Amino acid sequence: MLRRYLIINGISTAALYAAYWAMVPSMATLAQSIRQGIDLYAIDHTLLGPILYRMLTLTGS
């Protein structure tokens, strides 16, 4: 009974990790999509645009 539990637990854990890694984008793609979201929303905003642009240029260098 314990052996069956360990086998099923191992297979389900491996399947969940595989599904997670298939759904989660790579870190470069994730960073790029966050940057695009900031660009689309905040950089075009008249008040937040200059503030966030300055923050990004300071932290990016």
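## Exposed or buried?

Before we look around, here is the rule for surface exposure: a residue is buried under 20% relative accessible area, exposed over 50%, and partly exposed in between. Tyr-41 has 60% relative accessibility, so Tyr-41 counts as exposed. Keep in mind that what you're looking at is a predicted model.

How much of the protein chain is buried? Buried residues make up just 3% of the 61 residues.

## The overall build

Let's step back to the whole chain. The protein chain has 3 helices and 0 strands, and reading along the sequence gives you the pattern α-α-α.

Now for the dimensions. Along the principal axes, the C-alpha atoms fill a box of roughly 65 × 20 × 15 Å. The radius of gyration is 21 Å, while a compact globule of 61 residues would come in near 10 Å. As for the surface, the chain has about 5700 Å² of accessible area, and 71% of that belongs to carbon and sulfur atoms.

## Helix H1

Helix H1 covers residues 2-23, which makes 22 residues. At 1.5 Å a residue, H1 should span 32 Å, and its end C-alpha atoms sit 31 Å apart, so the expected span and the model agree. How many of the 22 residues in H1 are buried? The count is 0, so you can call this helix hardly covered.

## A pair of rings

Next up, the aromatic side chains. A pair of aromatic rings is described by the distance of the centres and the angle of the planes. The count here comes to 1 aromatic pair: Tyr-20 and Trp-21, with 5.4 Å from centre to centre and 75° between the planes. Planes over 60 degrees apart count as edge-to-face, and that is the label this pair gets.

What about their exposure? Tyr-20 has a relative accessible area of 47%, so Tyr-20 is partly exposed. Trp-21, at 61% relative accessibility, counts as exposed.

## A nonpolar patch

Back to Tyr-41, which lies in helix H2 (residues 27-43). Together with Leu-47, Leu-48, Ile-51 and Met-55, Tyr-41 forms a nonpolar patch on the surface. The accessible area of these residues together is about 540 Å².

Which helix gives the most to the nonpolar patch? That's helix H3 (residues 48-60), with 3 residues.

## Arg-35 and Leu-56

Helix H2 is also the place of Arg-35. With 46% relative accessibility, Arg-35 falls between the two cut-offs, so this residue counts as partly exposed.

How far apart are Arg-35 and Leu-56, in sequence and in space? They are 21 residues apart in sequence, and 9.8 Å separates them in space, going from C-alpha to C-alpha.

Conventions. Residues are numbered from 1 along each chain as its sequence is written. This is a predicted model: local features need pLDDT of at least 70, side-chain atom pairs count only at pLDDT 80 or more; totals for chains, interfaces and linings use all residues. Side-chain values use heavy atoms; hydrogens and water are left out. Patches are made of residues with over 30% relative accessible area and no salt bridge: like charges are joined within 9 Å, nonpolar side chains (Val, Leu, Ile, Met, Phe, Trp, Tyr) within 5 Å. Accessible areas come from the Shrake-Rupley method with a 1.4 Å probe; for residues, only the protein chains shown count as cover. A salt bridge is a side-chain nitrogen of Lys or Arg within 4 Å of a carboxyl oxygen of Asp or Glu. Helices (H or I, at least four residues) and strands (E, at least two) are DSSP runs, numbered from the N terminus. Buried means under 20% relative accessible area, exposed over 50%, partly exposed in between (1.4 Å probe, protein chains only). Rings of Phe, Tyr and Trp (its six-membered ring) pair if their centres lie within 6.5 Å; planes under 30 degrees apart count as stacked, over 60 as edge-to-face and the rest as tilted. The radius of gyration is taken over C-alpha atoms; the globule rule is 2.2 Å times the number of residues to the power 0.38. The expected span of a helix is 1.5 Å times one less than its number of residues.
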